[in-house]
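Colleague: Could you take me closely through one part of this model, the long helix and the loops and helices that belong to the same picture? I would like a connected account rather than a list.

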Amino acid sequence: MNDQPLIATHWQAALGRLARNRAALAAAVVLVLICLAVVLGPWLVSVAPDAVDWDNISTPPSLANGHLLGTDANGRDLLARILAGGRISLAVGLVATLVSVLIGVSYGAVAGYLGGRVDQLMMRAVDVLYALPFLFLVILLTVYFGRHVILIFLAIGAINWLDMSRIVRGQAMGLRNQEFVLAARAMGVSSRDILLRHILPNLTGIVVVYATLTVPQVILAESFLSFLGLGVHEPLTSWGSLIAEGAKEMENAPWMLIYPGLGLGVTLLCLNFLGDGLRDAFDPVRSDKGVG
């Protein structure tokens, strides 16, 4: 029994509901513009993010000196650094979320489908990990393995999969007793093929929704680590690092804090609006009630 047409129909209906959510669509447009700006940053701004203008140190935003958003305490163009920091912050969000999704979906789907003692054992391990402080583990990993940007990506993603595994496990437990799964099992289809061909495709919607809501959490976590001085380090930068630098110069150069904070705040807000819109789109009951 093939459930792929049902999945396609479900996706078409969900995308139709999403298209009627103006807040989510506006957030998606703004996110696309932000992504284009940070990716095309080296071509949009002719100044390198680490180039020092000795004649303009901690100068306010001005078109006259060519620094649209001003300069930092070292005379570096703030706009160029915000765009460069955005590339790191968004990359952290995407890569760490991908790591979280791969671990959480695999772990939760296996636990939910197999059930019984296997499920009990696997979820008790998750409970133990839940008892450990998230940021402490990330800080421990970054201190032990070093502050290489790739390791930061992997450390945050490897710790942030617990919620995903629980959500996927609950969905898989509901799917394993559905008629198409029972029919596949009666035909002798292996558990591996059932997971890959029937369980995981039906989990795509909830995974996409939760991944969208995980990205801002991951970006915020990296920003907090950078604010503590445990995130990316020079010559690289991120929005969290820029906010930390701006906080030190808040009285003398408030633009150093305001503009990176706006970049981070608008991005997180748009991701949350988009995540809420996707959640409502994949939940017809919420959508019909006009939630969001």
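Modeller: Glycine 115, which comes just after H4, takes a positive phi of about 60 degrees, and that is a convenient place from which to look back along the helix, bearing in mind that this is a predicted model. H4 covers residues 78–114, and because its 37 residues at 1.5 Å a residue should span 54 Å, the 53 Å between its end C-alpha atoms agrees with the expected value. At the N-terminal end, H4 is capped by aspartate 77, a side-chain oxygen of which lies 3.3 Å from the backbone nitrogen of leucine 79.

On the N-terminal side, the loop between helix H3 (41–44) and H4 contains serine 58. Most residues other than glycine have a negative phi. Serine 58, however, has a positive phi, near 55 degrees, although this residue is not a glycine. Its relative accessibility is 27%, so serine 58 counts as partly exposed, falling between the limits of 20% and 50%.

A second loop, between helix H10 (191–227) and helix H11 (239–248), holds threonine 237. With a relative accessible area of 4%, threonine 237 is buried, because that value is under 20%. Once neighbours within four places in sequence are set aside, the contacts of threonine 237 are with Arg81, Ala84, Gly85, Ile88, Val232 and Leu242. Of these partners, Arg81, Ala84, Gly85 and Ile88 carry numbers that fall within residues 78–114, the range of H4, so the contacts of this loop residue lead back to the long helix.

Glycine 229 is found in that loop between H10 and H11 as well, but at 36% relative accessibility it counts as partly exposed. Glycine 229 and serine 241 are separated by 12 residues in sequence, while their C-alpha atoms are 7.5 Å apart in space.

The two helices that flank this loop also meet each other. Two packed helices are described by the angle between their axes and the distance between the axes. For H10 and H11, the axes come within 7 Å and cross at roughly 40 degrees, which makes H10 oblique to H11, since the angle lies between the 35 degrees below which helices count as roughly parallel and the 65 degrees at which roughly perpendicular begins. The crossing of H10 past H11 is right-handed, and the contact is made by Ser223, Ser226 and Phe227 on the H10 side and by Gly240, Ser241, Ile243, Ala244 and Ala247 on the H11 side.

Methods
Residues are numbered from 1 along each chain as its sequence is written. This is a predicted model: local features need pLDDT of at least 70, side-chain atom pairs count only at pLDDT 80 or more; totals for chains, interfaces and linings use all residues. Side-chain values use heavy atoms; hydrogens and water are left out. Helices (H or I, at least four residues) and strands (E, at least two) are DSSP runs, numbered from the N terminus. The expected span of a helix is 1.5 Å times one less than its number of residues. A polar contact is a pair of N or O atoms within 3.5 Å; within protein, one must be able to donate a hydrogen and the other to accept it, and residues adjacent in sequence count only if both atoms are side-chain atoms. Buried means under 20% relative accessible area, exposed over 50%, partly exposed in between (1.4 Å probe, protein chains only). Contact means heavy atoms within 4.5 Å. Axes are lines fitted to C-alpha atoms, for helices over the stretch in contact, and angles run from 0 to 180 degrees between N-to-C directions. Angles under 35 degrees count as roughly parallel, over 145 as roughly antiparallel, 65 to 115 as roughly perpendicular and the rest as oblique. A crossing is left-handed if the near helix is turned anticlockwise from the far one by less than a right angle, and right-handed if clockwise.
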